[in-house]
Amino acid sequence: MSGYMRNLLRLSVGVRRFLMTEAMYGIGIGMYSLVLNLHLLSKGMKEDEIGLLMSIGILIMGALAIPVSISANRIGRKKLLVSGIMFIAAGSALYAIGNHSGIFYLAQTLVSIGLTLVETTEVQLLFHYCASRKEEASAFSLMFAVFTAFTGAGTLAAGYLPNSADSGDGYGLTLLLAALVFVVHSMIRGLWLPSEGGGRETVRTSEVLEVNREVSSLRNKLPSGTLWLFSVFMALLGGAIAITGSFLNVIVKYRLNWMDDKVSVLLAVSGVVLFAASLMTPYVLERFGHHVAIVSVFLVNILVFASLSWAMPVWMFTIMFLVRGGGLTMLSNLLDSQLMSAFKEQERNLYAGMRSVFRSLGSSGAALLTGWILIGQDYELPFFLTSAVLLLCLFYYIWFIRPILDKRLKE
């Protein structure tokens, strides 16, 4: 464990800067995600209408993912990342000042464009700054550790900011502040992150040259079936996460009958648990190996989500809810880092695009389904459905993903 902690302090310069700037992104997302659904409800939208809005936004992300990934090398991943943050800022501000569904759909379109630009470039850019495959796994988990910790800080702050939900004015102030955080964040990343021309190429020149020599025979190195198998798996996993993730604040608020400040405290504490889980992911991976770690975390998540579908005292629900957050974060980090590491650098943009498309499809359907469920005020069923889909993901992983992953990680 002490060796693992020492390795975290030896990360490349680009990785350290990326992780430090990730903090502001977490704060902005924390503020935005806590109040958005509540803001829309206060503006008169119903749960199923919000589910439709979210699902369309996710589909927009899926439609844009492959074109963005294809253009990433030509335009530059750093430029696309910074632009994406600005789009999210614009969407958040538009949500804050909007008063009808047309404006909200436009705002969601801007946010979806921004999230697409961020999600299809941030991991590849982070890995670009890394000096080895081992550093990639550590950097990926640390990125989520920083993000989740500061998402919790943003969530906590948002819960105590004033709102005018009762008068129908919603949570505009919080959304405007989130937009400001995103603007500052984009400026810092644009000025401070290293350019893509340095760092990793000098450290991993031999690997990059080898990849360039193999581009002409890429089809033999990357069978088309691998992309499709991994992408379908991402659709299932994205759907499982989105069943509760799209409406997490609404579920907690109305299942426990809590005020916004108490919801924000629970979600902030959950962010601390997510931080710890993300920080421990590389250690668990090194200690147990990728297969044992992934299967074990899958099983824990399946049991935890199944238990959350039962009626239980508030104190027990909050404990299981916190365990849920840590377990799901560790599972997502394990799978995302290992599947991305299974591809060489020149292959990753295409995989990132396919991953986003299929994850968007799964998440869109899940958000729409959850919106329909919540119309009936059933706040237990989403957890049961998540458990069932995670079980399906586990079987898919064992039968289809593991054999390919084992082979590629040994190369």
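This report walks through three helix pairs and one cavity in a predicted model.

## α3 with α4

Let's start with helix α3, residues 47-75, and helix α4, residues 77-97. Their axes sit 10 Å apart and the helices pack at an angle of about 155 degrees. Angles over 145 degrees count as roughly antiparallel, so α3 is roughly antiparallel to α4. The crossing of α3 past α4 is right-handed.

On the α3 side, the contact is made by L53, M54, V68, S71, A72, N73 and I75, while α4 brings in R77, K79, L80 and Y95. Sorted by class, that contact has 7 nonpolar, 2 polar and 2 charged residues.

## α6 with α7

Next up are helix α6 (residues 122-129) and helix α7 (residues 133-160), whose axes come within 9 Å and cross at roughly 135 degrees. That angle is neither over 145 degrees nor within 65 to 115, so α6 and α7 are oblique to each other. As in any such pair, handedness can be asked about too: α6 passes α7 in a right-handed crossing.

Who touches whom? From α6 we have E122, V123, L126 and F127, and these meet E136, A139, F140 and M143 in α7. The contact of α6 with α7 divides into 6 nonpolar and 2 charged residues, with no polar ones.

## α14 with α15

Helix α14 covers residues 260-288 and helix α15 covers residues 290-308; their axes come within 6 Å and cross at roughly 120 degrees. The 65 to 115 degree window is what counts as roughly perpendicular, so α14 and α15 are classed as oblique to each other instead.

In this pair, V284, L285 and F288 of α14 meet H290, V292 and A293 of α15. By class, the contact has 5 nonpolar residues, 1 polar residue and no charged residues.

## The second largest cavity

Searching the whole structure turns up 2 cavities of 30 Å³ or more. The second largest cavity has a volume of about 30 Å³. Its lining is made up of L34, V35, L38, A158, G159, L161, N163, Y171 and D260.

Which helices supply at least two residues each of this lining? Those are α2 (13-42) and α7, the latter being the helix that α6 crosses. The largest share, 3 residues, comes from α2. By class, the lining of the second largest cavity has 6 nonpolar, 2 polar and 1 charged residues. D260, one of the lining residues, is also where helix α14 begins.

How values were computed:
Residues numbered from 1 in each chain as written. Predicted model: local features only at pLDDT ≥ 70, side-chain atom pairs only at ≥ 80, totals over all residues. Heavy atoms only, no water. Axes fitted to C-alpha atoms, helices over the stretch in contact; angles between N-to-C directions. Helix = DSSP H or I, 4+ residues; strand = E, 2+ residues; numbered from the N terminus. Parallel < 35°, antiparallel > 145°, perpendicular 65-115°, else oblique. Left-handed = near helix turned anticlockwise from the far one by under 90°. Contact = heavy atoms within 4.5 Å. Nonpolar A, V, L, I, M, F, W, Y, C, P; charged D, E, K, R; others polar. 1 Å grid on protein atoms, 1.4 Å probe; cavity = no way out; pocket = protein on both sides within 12 Å on 5 of 7 lines; lining within 4 Å. Points joined across faces, edges and corners; volume = space filled by probe spheres on them.
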